[in-house]
Amino acid sequence: MGGVEDDEPASKRMKLSSVELRGLSNGSAFREPVAGSLRDLMARPLPSEGDEDVIGPAGVIKRVEFVRIIAKALYSLGYTKSGAHLEEESGIPLHSSMVNLFTQQILDGHWDESLATLSKIGLVDESVIKSASFLILEQKFFELLDAEKVMDALKTLRTEIAPLCIKNSRVRELSSCIVSPPKCVVVCSPKQDIVRAKSRPKLLEELQKLLPPTIMIPERRLEHLVEQALVLQREACMFHNSSDRDMSLYTDHQCGRDQIPSRTLQILQGHTDEVWFLQFSHNGKYLASSSNDRSAIIWEVDLNGGVTLKHKLSGHQKPVSCVSWSSDDQQLLTCGVEEAVRRWDVSSGNCLHVYEKAGLGLVSCGWHPDRKWIFSGANDKSICMWELGGKELECWKGQRTLKISDLEVTSDGKQIITMCKESALLLLDREAKVERYIEEDQTITSFSLSRDNKFLLVNLLNQEIHLWNIEGEVKLVAKYKGHKRSRFVIRSCFGGLEQAFIASGSEDSQVYIWHRASCDLIGALPGHSGAVNCVSWNPANPHMLASASDDRTIRIWGLKDLNVKRKDCHSNGVHYCNGGT
């Protein structure tokens, strides 16, 4: 594979229902009568008979809060009788009698009474009282307009809403409804989530968000707490690489190493020389590889995860350094080492166009997301933008790229990322014409862009991989160590579920995998007999990883307990493994 420090060719890259309504109050106005007295069913302990302030082994859960949240969940789920039983048996009401009264007044449209009660439910923050009053009076205003009581609505606006001295712009919008009723459509746009007269339960929901949780329990609070616990367990799980549907409330979540692809499932043998680069398509249905043998190969991934050779692409006069998929995965770009860029039809394998520049060699390639243009780096350190038909549209000259350089284009097509110096990356915003830089202390050998365009993975000469946050001001956020690199260009990638892992090739013939957040090395995968130049994780299958090596093969890695059944052991340049390395 091409070296960084020698003259060898350089390797390239890479509604609100009645049930929910009950949940907005303690359910007193909506409960069906409970047959029989609870005291006839069970003995109800008095508060003094063993009740404690806190529960749980850690002593951090307050009993009253816990019971109230459970009662709230029962009402929200429609278990009205159960909620009522819990309140009665525990002696802990979901809400105070004053809050229950306030809730019923809102639902009945008794606006003046609800405002009076609002000041009695224990609010101490004057701004909250004013904001809640504004919501109530706004509802009163709209209901008066709907009843065609325009003068009463105007009086409410002037004598009740305006004196609150808040939300002046909103007051002006309400005024426009008096002057020009059709403007109410604008005032009450769906974007603002307000209708001319919103439903009263909807108003109650909005008030609930505004009032302190000690007064009115937030909707779905128990769901939120449980979900939060599951998310924290997932984030703490170093090996989490499977669907969240597999998580359960019955046990604490903990994945094992068996969720990480670490077993060789197939060995692809279509190339006749070192394999320098490979990349899965966006939909995960194809894998493209390029080699020192001057060819590229499109491999097809079947529904069972088996990989077979689809097309071998020939035509380059020099080794093929990199490939790039179009956003719809129907076309592929290949770039020869300081030669030309070719565009291929994935379905037929036909070459659609060859991009060349007189007197210059192209060193990198990339697609614009709308598939109307492509980009290429040239060995005169410029970056070119081409129409598909071959017309050069724009050229950024100067120190824009290097002889050895990757090229990435963000998914919005605005930024082009390339190496502009041995130890610096250029982030070129071609629309805003703004240039930003990432400066490293070591020589950069390759880099890779995350799927969300927020992070760059940068491989360095000193056997480190750096993770940079490029959203806003660039910032170094993580470092990964352990792989070997002394002479060749070694590439790394993001991968796994939500790109929670980092994988890299290595000159010691192994594939290295780290946990992205913790930077902990999860493992090194043996199997290749030559330097591993490039790795690619299937974006549609977190359990499939591919690696390309100087040993002329591509290895497909999967889970250890995955059973792969094939009719033939050898087929079309593919060797199916029984799990051994």
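Helix axes are lines fitted to C-alpha atoms over the stretch in contact, and the angle between two of them runs from 0 to 180 degrees between N-to-C directions. With that in hand, let's work through some exercises on this predicted model.

**Exercise 1. Two helices**

Work out how helix H7 and helix H11 are oriented to each other, and which residues make their contact.

*Solution.*
- Step 1: Find the two helices. H7 covers residues 126-146 and H11 covers residues 200-210.
- Step 2: Look at the geometry. Their axes come within 10 Å and cross at roughly 170°.
- Step 3: Apply the cut-off. Angles over 145 degrees count as roughly antiparallel, so H7 and H11 are roughly antiparallel to each other.
- Step 4: List the contact. H7 brings Val 128, Ser 131, Ala 132, Leu 135, Ile 136, Gln 139 and Glu 143, while H11 brings Arg 200, Leu 203, Glu 206, Leu 207 and Leu 210.
- Step 5: Sort these residues by character. The contact of H7 with H11 has seven nonpolar, two polar and three charged residues.

**Exercise 2. A sheet of four strands**

Describe the sheet that holds S4, S5, S6 and S7, and find its edges.

*Solution.*
- Step 1: Read the order. The strands run S4-S5-S6-S7 in an open sheet with antiparallel pairing.
- Step 2: Find the strands that pair on one side only. These are S4 (275-280) and S7 (307-313), the edge strands.
- Step 3: Add the twist, which averages 20° from one strand to the next.
- Step 4: Zoom in on one pairing. S6 (residues 296-301) is joined to S7 by six bridges, and Val 301 stands opposite Val 307 in S7.

**Exercise 3. Another sheet**

Now do the same for the sheet with S16, S17, S18 and S19.

*Solution.*
- Step 1: This open sheet has the order S16-S17-S18-S19, again paired antiparallel.
- Step 2: Its edge strands are S16 (407-409) and S19 (434-439).
- Step 3: The twist from one strand to the next averages 25°.
- Step 4: Three bridges pair S16 with S17 (residues 415-421), and Leu 407 stands opposite Thr 418 in S17.

**Exercise 4. An aromatic pair**

Classify the pair formed by Phe 375 and Trp 396: what is the arrangement of the rings?

*Solution.*
- Step 1: Take the geometry. The ring centres are 6.4 Å apart, with 35° between the planes.
- Step 2: Use the cut-offs. Planes under 30 degrees apart count as stacked and over 60 as edge-to-face, so this pair is tilted.
- Step 3: Place the residues. Phe 375 lies in strand S13 and Trp 396 in strand S15, 21 residues apart, and the pair links distant parts of the chain.

Key: Residues numbered from 1 in each chain as written. Predicted model: local features only at pLDDT ≥ 70, side-chain atom pairs only at ≥ 80, totals over all residues. Heavy atoms only, no water. Pairing = 2+ DSSP bridges. Parallel < 35°, antiparallel > 145°, perpendicular 65-115°, else oblique. Contact = heavy atoms within 4.5 Å. Nonpolar A, V, L, I, M, F, W, Y, C, P; charged D, E, K, R; others polar. Phe/Tyr/Trp six-rings, centres within 6.5 Å; stacked < 30°, edge-to-face > 60°.
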